[in-house]
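Good morning, colleagues, and thank you for making time for this presentation. I shall take the local features of one structure in turn, beginning at the start of the chain.

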Amino acid sequence: MKLIRGYPAYMRESIEHVEKTRPRRMKEKYRTLSIEEREELLRKYHPDYKPGTKRPLKIGPSKGMIAPHEVIDLLEAHPIVKPEDVNLDEIDIDVDLLIIGGGGAGMTAALWALEEGLKPEDILIVTKLRLGDSNSIMSQGGVQAADRPPDSPIRHFIDIVGGGHFTNDRRLVKILTMTAPYMMAWLERLGLMFDKDEEGNMLELWGGGTSIRRMHSCKDYTGMEIVRVLRDEVRNRQVPCLEFTSAVELLTDEEEDRVVGAVLLNMESQQYYVARAKATILATGGFGRIHIQGYPTTNHYGATMDGVVLAYHVGARLRDLDATQYHPTGAAYPEQIVGLLVTEKVRGAGAQVVNRHGEQFVFPLEPRDVEAAAIIRECWDRNNGVETPTGMRGVWLDTPMIEELRGRGAFKRMFPAIHKMYSRVGIDPAQDPVLVFPTLHYMNGGIIIDEKAQTTVKGLFAAGETTGGVHGKNRLMGNSILDYLVFGRIAGIHAARFAKHTSPGKPSLKHVIKYEEMLKAAGIETDRRSPVLLPDYRGERVLARRIEIL
């Protein structure tokens, strides 16, 4: 197949339409949809509303909750740990605070537990990959904070609740928006380098569903920059971390219903460890790698919803797992980068979403679920998408508009990571538009927490994407980073306080036996086991030729 600047020749005709309509479109502003129009669009075209993709949960404290089959399959599965296989009389690790997850939420929690008076040796971070390997490091666009007039936390609050379809836990949203300016200042004190103008003022851009510019960023690798400073601080303050180690089951006290640590698994040696802790924080991230409805994902390799499963095994309540976020602009071409993120910040900088005829069909900064639904409608109902050589469809994100609006070299200056991603496959996004389609991006729901980041189970705290409530049914851009910063801090502080006034418990796995009994009582017969630690992309042909050599 002949490629011209990275694209098949047949796509060039559509690109010419985009180029031809660009001068006119630069003078046009597509109208925003009314709330009623948004709701109708979502009901007809958003994947969350697709019939036959969900079912009610049959067991546990959130019995009856509707969620995707992929989620229910993990919750209605046998725990991977069998109590008879674990010797709980031998405690391998004994700490005040166990943090499960080494991304933004986990590292923030560790740092604020130190501020609350715990010593580094009293804390342990365990992470299934390397410290920092997480969705946190992959986020691009920025973080919202109402830190100067005419913006305000109240205005930020209203944007969040509206974007979440008025289903958010408003107590948590209030904490999120009121704490946001403080967290920006804290990051700067740690050495974070936000984008600023010549006078030292933070540059702010629009985000979808927002009423004002409040997006603080570090070009298009904001997450990488935040993780850099958090990881440096964790290491400099000598907080212990076990890498390539997964929590495979929580431990509960033999006498009372509280969490007292976890069973850990060394991913390389397959050896288990019994880790006792006075307080435990789950900061395990989302579920992109279980590929809801078969969608590709922006998520990192370890995003398998394991924290939600562990929490549910011990009786923690869940919410909003019926709502999945599909980022509107995942790469749709070429095949080797399908599903990877093209940050919303690109649209905030002026790029428009257009169909194969080069025409706008949606305001580029609608809330994410609405924008995604409009793109799906344009591709599959109106048949105005561009088909790729593999049969996928997408629409154009007119990235060269940024060069027209902001001057030559602006795209590479503002979006060096995206420019590099496309340059590697022979496409220059400063010269040609890029093809996009919605991609699985964020777990809107999760574990219920209160204002102290405590779950409904004593001794168990949670923060970041593994929790639900802050974002309701839909998260706005820039609030995921803010979420893990604000509630990572709160979890660290309150878990440390809890640990100071709590004695070590006697570990048991009684809840695992109870969970198996619930599965049996509900008539669930399955060979599924969870949590899933890492995705398995081996096909049937590969598995058929597998041999056991050890």
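Met-1 sits in the segment that precedes strand E1, residues 3–4. Please keep in mind throughout that what is on the screen is a predicted model. With a relative accessibility of 70%, Met-1 is classed as exposed, because the cut-off for that class is over 50%. Met-1 also contributes to a nonpolar patch on the surface, together with Leu-3 and Tyr-10. The area of that patch is about 370 Å².

I turn now to the second largest pocket. Its volume is about 750 Å³, and 35 residues line it. Nearest the centre of this pocket are Lys-29, Thr-32, Phe-363, Pro-364 and Leu-365. Which helix supplies the largest share of the lining of the second largest pocket? That helix is H6, with four residues. At least two lining residues each come from helix H2 (35–45), helix H6 (153–163), helix H10 (345–348), helix H11 (368–381) and helix H12 (400–406). Sorted by class, the lining of this pocket comprises 14 nonpolar, eleven polar and ten charged residues.

Next, the salt bridges. The structure as a whole contains 39 of them, and I have selected a few.

One is formed by Glu-204 and Arg-148, whose closest N and O atoms are 3.1 Å apart. This pair connects distant parts of the chain, 56 residues apart: Glu-204 belongs to strand E9 (residues 204–205), while Arg-148 lies in the loop between strand E8 (143–144) and H6. Glu-204 is buried, at 14% relative accessibility, whereas Arg-148 is partly exposed, at 31%.

Another salt bridge brings together the side chains of Asp-320 and Lys-473, with an N to O distance of 3.0 Å. Asp-320 is in the loop between strand E15 (318–319) and strand E16 (324–331), and Lys-473 is in the loop between strand E23 (467–468) and helix H15 (479–500), so this contact ties together parts of the chain that are 153 residues apart in sequence. Here too the partners can be described by their accessibility. Asp-320 has a relative accessibility of 10% and therefore counts as buried, while Lys-473, with 26%, is partly exposed.

A further example is the salt bridge between Arg-382 and Glu-378, at 3.0 Å from N to O. Arg-382 is partly exposed, with a relative accessible area of 40%; Glu-378, at 2%, is buried. In addition, Arg-55, Asp-73, Glu-76 and Arg-528 are joined into one network by salt bridges that share partners.

I close with the backbone. Where are the cis peptide bonds that I wish to point out? One joins Pro-149 and Pro-150, with omega at about 5°. Pro-150 is placed in the loop between E8 and H6. Another joins Ser-530 and Pro-531, where omega is about 15°. Pro-531 lies in the loop between strand E25 (529–530) and helix H17 (540–544).

Positive phi values in residues other than glycine also deserve mention. His-165 has phi near 60° and is located in the loop between H6 and helix H7 (170–190). Its relative accessible area of 23% makes His-165 partly exposed. Asp-320, already introduced as a partner of Lys-473 in a salt bridge, likewise has a positive phi, near 60°.

Definitions and conventions. Residues numbered from 1 in each chain as written. Predicted model: local features only at pLDDT ≥ 70, side-chain atom pairs only at ≥ 80, totals over all residues. Heavy atoms only, no water. Patch = residues over 30% accessible without salt bridge, like charges linked within 9 Å, V, L, I, M, F, W, Y side chains within 5 Å. Areas by Shrake-Rupley, 256 points an atom, 1.4 Å probe, with all protein chains shown as cover. Salt bridge = Lys/Arg side-chain N within 4 Å of Asp/Glu carboxyl O. Buried < 20%, exposed > 50% of the residue type's maximum accessible area, 1.4 Å probe, protein only. 1 Å grid on protein atoms, 1.4 Å probe; cavity = no way out; pocket = protein on both sides within 12 Å on 5 of 7 lines; lining within 4 Å. Points joined across faces, edges and corners; volume = space filled by probe spheres on them. Nonpolar A, V, L, I, M, F, W, Y, C, P; charged D, E, K, R; others polar.
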